[in-house]
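Let's take a walk through this structure together, beginning at the ligand and working outward. Keep the 3D view open as you read.

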Amino acid sequence: MADLAIIGGTGLTKLESLKISDREIVHTPYGEPSGPLSHGQLYGKEIMFLPRHGYGHTIPPHKVNYRANLWALKEAGARCVFAVAAVGGIRGDMLPGKIVLPDQIIDYTWSRVTTFFEEGLKQVIHIDFTHPYAEALRQKILQAAAAANVPVINGVTYAATQGPRLETAAEIDRLEKDGCGIVGMTGMPEAALARELEMDYATCAVVANWAAGRGTGEITMKEIEAELAGGMKKVAKILAQLVKLV
Ligand code: HPA
């Protein structure tokens, strides 16, 4: 049974090197996940893969059924989750194309379902979320990136915004004042739900564009997609090494 799950983000609806052996449709008490789980071998290691936005990239960030996705992966035996995320670069060194391993999150999303602990509780449960990402997994990703010769910027705060629209320049200024280096729309509640299910979770972010007001001109999907294509090649190199470590 695979214990490593990969959640693909924008730009990663399929893993080119994954030799798929099975597609599993999982129904959960929380509804349907973004699609069937793909089981198979990635560089010789049994893993499972789920594209967060669906195989056709049709589910926007605020409509992703995060609970169903995490529950399905847990049910299928996942112990750790490598989450890939496209982000905008806020801080001056977060150039498009860079790979970033965040260590903190600030959640600016609203009206999303954020917990499994809602009903039928014997007692109220508060998970510890001081360090939102699993440090041991982060260290393994850093080790894998070093072995793959892929430079990674480590230890950045990820701002989770509601989307699906991109931010205003003033919103990005505020996020920077808050200490955020990168901005994306899917980091929460995914990370917290993984913690509730006691899965190790870490995000590998690919900077797709300069955040609003940080670059020149309009942010276009064309620009984002072009940058992500290169970024995902780097993520694949990291994964080729990571499968040996987890
Ligand atoms: N903002 C929010 N989410 C994103 C961005 C952005 O600029 N780029 C990719 N995902």
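A good place to start is strand β5, which gives three residues to the shell around the ligand, the largest share. Keep in mind that you are looking at a predicted model. Two elements give two or more residues to this shell: β5, covering residues 80–89, and β10, covering 182–184. The full set of residues around the ligand is A86, V87, G88, L166, E167, V183, G184, M185 and N209. Sorted by character, the shell holds five nonpolar residues, three polar ones and one charged one.

Now zoom in on the polar contacts of the ligand. Which residue offers a side-chain N or O atom 2.8 Å from a nitrogen atom of the ligand? That residue is E167. The backbone takes part as well: a polar backbone atom of A86 lies 3.3 Å from a ligand nitrogen, and a polar backbone atom of G88 is 3.4 Å from a nitrogen atom of the ligand. Of the 260 Å² that the ligand exposes when taken alone, the protein buries 93%. The space that the ligand takes up is the largest pocket.

Let's stay with β5 a little longer and move to A85, which also has its place in this strand. Is A85 buried or exposed? Its relative accessibility is 3%, so A85 counts as buried. From here you can step across to R52: the two residues are 33 positions apart along the chain, and their C-alpha atoms are separated by 9.4 Å.

R52 deserves a pause of its own. You will find R52 in the loop that runs between β4 (45–51) and α1 (66–75). Although R52 is a loop residue, its relative accessibility is 2%, which means that R52 counts as buried. Where does its side chain make a polar contact? A polar atom of the R52 side chain lies 2.9 Å from the backbone oxygen of V84. The backbone of R52 has a partner too, since its oxygen lies 2.6 Å from a polar side-chain atom of S34. So R52 is in contact through its side chain with V84 and through its backbone oxygen with S34, and R52 is itself buried.

Follow that second contact to S34, a residue in the loop between β2 (18–24) and β3 (37–42). With a relative accessible area of 11%, S34 falls under the 20% cut-off and is therefore buried. On one side of this loop is strand β2, and D22 lies in that strand. The C-alpha atoms of D22 and S38 are separated by 6.0 Å, with their positions 16 residues apart along the chain. D22 has a relative accessibility of 39%, so D22 counts as partly exposed.

Next come some backbone details that are worth a look. Which peptide bonds are cis? One is the bond from G163 to P164, where omega is near 0°. P164 sits in the loop between β9 (157–160) and α3 (169–177). Another cis peptide bond joins M188 and P189, with omega at about 10°. Unlike the loop residue P164, P189 lies in a helix, namely α4, residues 187–196.

Phi angles offer a second pair of stops. S111 is not a glycine, yet its phi is positive, at about 60°. You can find S111 in the loop between β7 (104–107) and α2 (135–147). With a relative accessibility of 65%, S111 is over the 50% cut-off and therefore counts as exposed. N149 is another residue other than glycine with a positive phi, here near 60°. N149 belongs to the loop between α2 and β8 (152–154), and at 70% relative accessibility N149 counts as exposed.

Helix α2 brings us to the last stop, L137. Its relative accessible area is 4%, so L137 is buried. How many Å separate the C-alpha atoms of L137 and N209? They are 26 Å apart in space and 72 residues apart in sequence. N209 returns us to where we began, as one of the residues around the ligand.

Terms used: Residues numbered from 1 in each chain as written. Predicted model: local features only at pLDDT ≥ 70, side-chain atom pairs only at ≥ 80, totals over all residues. Heavy atoms only, no water. Near = heavy atom within 4 Å. Polar contact = N/O pair within 3.5 Å; in protein donor to acceptor, adjacent residues only side chain to side chain. Areas by Shrake-Rupley, 256 points an atom, 1.4 Å probe, with all protein chains shown as cover. 1 Å grid on protein atoms, 1.4 Å probe; cavity = no way out; pocket = protein on both sides within 12 Å on 5 of 7 lines; lining within 4 Å. Sits in = over half its atoms within 2 Å of the grid points. Helix = DSSP H or I, 4+ residues; strand = E, 2+ residues; numbered from the N terminus. Nonpolar A, V, L, I, M, F, W, Y, C, P; charged D, E, K, R; others polar. Buried < 20%, exposed > 50% of the residue type's maximum accessible area, 1.4 Å probe, protein only.
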